[in-house]
Amino acid sequence: MHGLAFFLFLIIVALTLVITYYASKRTKTTSEFYTADSSLTGWQNGLAIAGDYMSAASFLGIAGMIALTGFDGFFYSIGFLVAYLVVLYIVAEPLRNLGKYTMADMIAARFDDKKVRGVAALNTIAISIFYMIAQLVGAGGLIKLLLGLDYVYSVLIVGVLMTVYVVFGGMTATSWVQIVKAVLLMVGTFIISIIVFAKFDFSIAKMFHEVKTATPLGEAFLNPGNKFKDPLDTISLNLALVLGTAGLPHILIRFFTVKDAPTARKSVVYATWIIGIFYVMTIFLGFGAAAFVGYDKIVAANPAGNMAAPLLAEALGGDFLFAFISAVAFATILAVVAGLVLSAASAFAHDFYSHILRRGQATEKEQMLAARWASVGVSVLSILLALVAQKMNVAFLVSLAFAVAASANLPTIVFTIFWRRFNTTGAITGMLVGLISALVLVFFSPNVWSPQPGAAIFVGEPLFKLANPGIISIPLGFVGAIVGTLVSSKKADEKKYTEIVVKANTGIGRV
């Protein structure tokens, strides 16, 4: 057990629990639980969005991916960052103007249909759990490396903590845990980046020259094609990354924590700057790990490369920096999983329980109770699935969640805002086709099936050859929405569409 790391872990846990304690005193109503009563400012929500978005995939997964595969690993940094342009220009303002607590609220503003709300809630829960698996896998590997605890116990520790944050503190606690984590992560990453850059005499040219000989890949380290040998796989991955953020439930609900659409836009601008600076620094993390930790040591600690960043911190700054960066990575995971649990619990309690089962008649107390029990249920399911996915790279797991989000949610969000003829049948068909096609293709992909024992979950030949389903499932989501609309006998409500266009763009009559 690494004593200093354990001490810093305890400090992080204590800080987050103090935040939760004070937040619990301010979390008495459903509005406070779901959206922190829309009380956050633009810079606060921007930091919280960045804290929610810079996940274990960003910090642990991308650093390891760059260190092991070179240029191909940087695809993740580029895709994750560019995605915020889609969020800023298409989603942020209409979502805040049309919705109240969840993504389903936005769609229900145009289609007041229980089936539409139910399918939207199902998508939210599925995507949130998919994304959470990646965070829990990263947490399990990190705590196992540091404290010597078994992977199962490591995942359970994080699972219990994330449940406590949401059950007692709701969105207020989740937001402030994410803000604190974003600051810690930026400070830690900046320190490592400066040290790495100094090791290369503050010369970009020297850094690029030396990493050519630092890994078994040699000069190929700086070329594409080390991981993604199939061009279709590369396109598929980038489609998922660029379009997926606009459909991620835990990111979308953050726009309800501010008072109006202009503040939501400011949030995205702040978040984009913070996230952009961070992703530039992932180059130094990956190159530094390749040069100063070494391929063999990274793989020995974790075959997927998830421990590259903490090992780099140890190589550069000894025990203290190793412990600090590991504690920051731990805070990173706690902050993100809390947001994911909250988005899934909100979908169940607000959309499914309150609007469908109780037909909008549930009291505040009943909704709060349902949300808290849903948080526990989502956490338990995510923990069980994370135990199966132990050997997968967390950045890669997250890219799959992005593909599901882009396939299942984005088509319906876009058509709800921009297509006059769109109807309820199209919305339901688009969401279900996108969700089912993405999940089925992932199940039959090389991530789940491999002829070599130990390389995937099951032994066998994959029926679907691409690692990421985005290039197939995203178009299928759009096609499903279009075909469902065109073949349906239901007519679009022209008056309702005109109303939501005005509301989405001006905020007039918003909740």
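A helix here is a DSSP run of at least four residues, numbered from the N terminus. That numbering gives us the name H7, a helix that turns up in more than one of the views below. The model shown is a predicted one.

**View 1. Helix H7 helps line the second largest pocket.** This pocket holds about 470 Å³ of space. It has 17 lining residues, and those closest to its centre are Phe130, Ile133, Leu385, Val448 and Ile457. Which helix gives the most to the lining? That would be H7, with 4 residues. H7, H15 (364-388), H16 (394-408) and H18 each bring at least two residues to the lining. As for chemistry, the lining splits into 16 nonpolar residues, 1 polar residue and no charged ones.

**View 2. Arg117 and Asp351 pair up in a salt bridge.** Look for the closest N and O atoms of this pair, which sit 2.7 Å apart. Arg117 belongs to helix H7 (residues 114-147) and Asp351 to helix H14 (residues 308-357), so the bridge links distant parts of the chain, 234 residues apart. Are these two residues buried or exposed? Arg117 counts as buried because its relative accessibility is 10%, and Asp351 counts as buried too, at 0%. There's another partner to find here: Asp105 joins Arg117 and Asp351 in a network of salt bridges.

**View 3. Glu494 meets Arg420 in a salt bridge.** The N to O distance is 3.1 Å. This is another link between distant parts of the chain, with the partners 74 residues apart. Glu494 lies in helix H20 (residues 494-506), while Arg420 lies in the loop between helix H17 (410-418) and helix H18 (424-443). Glu494 is partly exposed, at 43% relative accessibility, and Arg420 is partly exposed as well, with a relative accessible area of 40%.

**View 4. Glu499 and Lys496 form a salt bridge within helix H20.** Here the closest N and O atoms are 3.9 Å apart. Why are the two separated by about one helical turn? Because they are 3 residues apart in helix H20. Glu499 counts as partly exposed, with 41% relative accessibility, and Lys496 also counts as partly exposed, at 25%.

**View 5. Salt bridges across the whole structure.** How many salt bridges does the structure hold? There are 9, among them the pairs Arg117 with Asp351, Glu494 with Arg420 and Glu499 with Lys496. In general, side chains of opposite charge can pair when their charged atoms come close.

Terms used: Residues numbered from 1 in each chain as written. Predicted model: local features only at pLDDT ≥ 70, side-chain atom pairs only at ≥ 80, totals over all residues. Heavy atoms only, no water. Salt bridge = Lys/Arg side-chain N within 4 Å of Asp/Glu carboxyl O. Buried < 20%, exposed > 50% of the residue type's maximum accessible area, 1.4 Å probe, protein only. 1 Å grid on protein atoms, 1.4 Å probe; cavity = no way out; pocket = protein on both sides within 12 Å on 5 of 7 lines; lining within 4 Å. Points joined across faces, edges and corners; volume = space filled by probe spheres on them. Nonpolar A, V, L, I, M, F, W, Y, C, P; charged D, E, K, R; others polar.
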